[in-house]
Amino acid sequence: AAAAAAPPSAEGEAIADSGAPAPYVEEFRQQMFSKTRLCKFNQVGRCRRGMQCQWAHGEKEVRSTPDLTKTSICARWARRGGCHLTA
């Protein structure tokens, strides 16, 4: 049996099923978690990334970490149809 073709991307080319997240997923993840902690290099005056740094360069720049509670299916619930943990 022939393997199923990879789905086309927005540009019309095939996407390889490498198991890696799509580039837009990784970009979204980086945006979600950027500036949630202080830059260790900036604290000692050695950050070379400046405005491009994904870490905060001061307390005013620190953002809250996103709440990821209940953002995925419980593996036990998916396998057994129930989970002992409360909702």
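Lysine 35 sits in the loop that runs between helix 1 (23-33) and helix 2 (40-43). In this predicted model, lysine 35 comes out as buried, with a relative accessible area of 13%. Setting aside neighbours within four places in sequence, the contacts of lysine 35 are Met51, Cys53, Gln54, Trp55, Ala56, Glu61, Val62 and Arg63.

One of those partners deserves a closer look. The side chains of lysine 35 and glutamate 61 form a salt bridge, at 3.3 Å from N to O. This pair ties together distant parts of the chain, with lysine 35 in the loop between helix 1 and helix 2, glutamate 61 in the loop between helix 2 and helix 3, and their positions 26 residues apart. The pairing fits a general rule: side chains of opposite charge can pair when their charged atoms come close. The two side chains also count as joined by a polar contact of 3.3 Å. As for burial, glutamate 61 is partly exposed at 30% relative accessibility, whereas lysine 35 is buried at 13%. The structure as a whole holds one salt bridge.

Another partner of lysine 35 is alanine 56, which is placed in the loop between helix 2 and helix 3 (75-80). The C-alpha atoms of alanine 56 and lysine 35 are 4.4 Å apart, although 21 residues separate the two along the chain. Alanine 56 is buried, its relative accessible area being 1%. Beyond its neighbours within four places in sequence, alanine 56 touches Lys35, Arg37, Leu38, Cys39, Glu61 and Val62. Glu61 thus turns up in the contact lists of both lysine 35 and alanine 56, and so does Val62.

Next, the cysteines. A search of the whole structure turns up zero disulfides. For cysteine 53, the closest cysteine sulfur belongs to cysteine 47 and lies 3.8 Å away, which is too far for a bond, given that a disulfide needs the two sulfur atoms within 2.5 Å. Cysteine 53 is also a contact of lysine 35 and counts as buried, at 5% relative accessibility. Cysteine 83 tells a similar story on distance: its sulfur is 3.6 Å from the closest cysteine sulfur, in cysteine 74, so again too far for a bond. Cysteine 83 is partly exposed, however, with a relative accessibility of 29%.

Stepping back to the chain, the model has three helices and zero strands, giving an α-α-α pattern when read along the sequence. Out of 87 residues, 8% count as buried; lysine 35, cysteine 53 and alanine 56 are among them. The accessible surface comes to about 8,000 Å², and carbon and sulfur atoms contribute 54% of that. Among contacts with a separation of 6 or more, 29% join residues 24 or more positions apart.

Confidence varies along the chain. The average pLDDT is 78, and 75% of the residues score at least 70. Of the elements, helix 2 has the highest mean pLDDT, at 96, while helix 1 has the lowest, at 81. Over residues 1-16 the pLDDT stays under 50, and for that stretch the model has nine contacts beyond four places in sequence.

Terms used
Residues numbered from 1 in each chain as written. Predicted model: local features only at pLDDT ≥ 70, side-chain atom pairs only at ≥ 80, totals over all residues. Heavy atoms only, no water. Helix = DSSP H or I, 4+ residues; strand = E, 2+ residues; numbered from the N terminus. Buried < 20%, exposed > 50% of the residue type's maximum accessible area, 1.4 Å probe, protein only. Polar contact = N/O pair within 3.5 Å; in protein donor to acceptor, adjacent residues only side chain to side chain. Contact = heavy atoms within 4.5 Å. Areas by Shrake-Rupley, 256 points an atom, 1.4 Å probe, with all protein chains shown as cover. pLDDT = per-residue confidence, 0-100. Salt bridge = Lys/Arg side-chain N within 4 Å of Asp/Glu carboxyl O.
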